[in-house]
Amino acid sequence: MSHTRTKTRTATVTRRESAFAERFALFAECLLTGVWIVAASLPVVTYPAAFAAGSRHLRRRTAHEAGGWREFVADFRAAVRGGWVAGLAGWAAALAVWVDVQAVRAGIPGGPFVGAVGLFALIGLAVAGLRAAAVWEPGARWRELLGAAGRRTVLDPAGSFLLVGGLAVVAVSGWFVPPLAIPVLGAVAAAALAVEERGRRR
């Protein structure tokens, strides 16, 4: 009888250790994915494709499927075919917001209102971009992905605020310890996956 209890306790401890090891491995994989995302984003307009490839890598990891750097690169090449246009549009939006901020500083009438609207719009676009990247699959069209992600951004405010919080963490990390913002981007991609999965289960 005592031998049976000992085996049960040992099995329980092993399961707990395995769960902890698996979660820690996933966290480490998120940080590594953040480095990959930054490396793939260096051409400036490729950041949507980089997040899409990173998100798909993390989906494989959570599904216990094989995949590493080679698969990430293959996904990135597939995503960048149309993703660079989305990246260019994102930079254009950021430039428009920067112009609005300059208008606020110059004291132009109505500047603060226009600047606030522009800033909120940019944040919304960033969240929609993360949501689109989280569900990207080879062959998907970025225009359709972003349109659907924009609707989910509005209809799921709780999930959107969660992603805004993730972006805020990246901004704060970059402000205090710039290198720390690089791996944290992988955690933001994981948060986008979690938000999208939560939305599918509702």
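Arg60 lies in helix H2 of this predicted model. With a relative accessible area of 11%, Arg60 counts as buried, because the cut-off for that class is under 20%. Its side chain is not without a polar partner: the side chain of Arg60 makes a polar contact with that of Asp75, at 2.9 Å.

Helix H2, which spans residues 47-62, also contributes to the lining of the largest pocket. This pocket has a volume of about 1000 Å³. Thirty residues line the pocket, and those closest to its centre are Tyr47, Gly90, Leu122, Leu125 and Ala126. Besides H2, the elements that give two or more residues to the lining are H3 (69-106), H4 (111-134), H5 (142-155), H6 (157-176) and H7 (181-201). The greatest contribution comes from H4, which supplies 8 residues. In chemical class the lining comprises 26 nonpolar and 4 polar residues, and no charged residue is found there.

Two of these lining helices, H5 and H6, may be examined in turn. For H5, a rise of 1.5 Å a residue over 14 residues should give a span of 20 Å, and the end C-alpha atoms are indeed 20 Å apart, so expectation and model agree. The buried residues of H5 are Trp142, Leu145, Ala149 and Thr153. They cover an arc of only 70° around the axis, and therefore lie on the same side of H5. The spacing behind such a pattern is a general one: an α-helix has 3.6 residues a turn, so residues three or four places apart point the same way. On the face of H5 turned away from this buried side are the exposed residues Arg143, Glu144, Arg151, Val154 and Leu155.

Helix H6 can be read in a similar manner. It has 20 residues, and the distance from its first C-alpha to its last is 28 Å, close to the 28 Å expected at 1.5 Å a residue. Its buried residues are Gly159, Ser160, Leu163, Gly166, Val170 and Ser173. Viewed down the axis of H6, these buried residues fall within an arc of 140°, which means that they line one face of the helix. The face of H6 turned away from the buried side carries Phe161, Trp175 and Phe176, which are exposed.

Both helices thus have a buried side and, turned away from it, a face with exposed residues. Each of the two also gives two or more residues to the lining of the largest pocket.

Notes: Residues numbered from 1 in each chain as written. Predicted model: local features only at pLDDT ≥ 70, side-chain atom pairs only at ≥ 80, totals over all residues. Heavy atoms only, no water. 1 Å grid on protein atoms, 1.4 Å probe; cavity = no way out; pocket = protein on both sides within 12 Å on 5 of 7 lines; lining within 4 Å. Points joined across faces, edges and corners; volume = space filled by probe spheres on them. Helix = DSSP H or I, 4+ residues; strand = E, 2+ residues; numbered from the N terminus. Nonpolar A, V, L, I, M, F, W, Y, C, P; charged D, E, K, R; others polar. Expected span 1.5 Å × (residues − 1). Buried < 20%, exposed > 50% of the residue type's maximum accessible area, 1.4 Å probe, protein only. Arc of directions from axis to C-beta. Polar contact = N/O pair within 3.5 Å; in protein donor to acceptor, adjacent residues only side chain to side chain.
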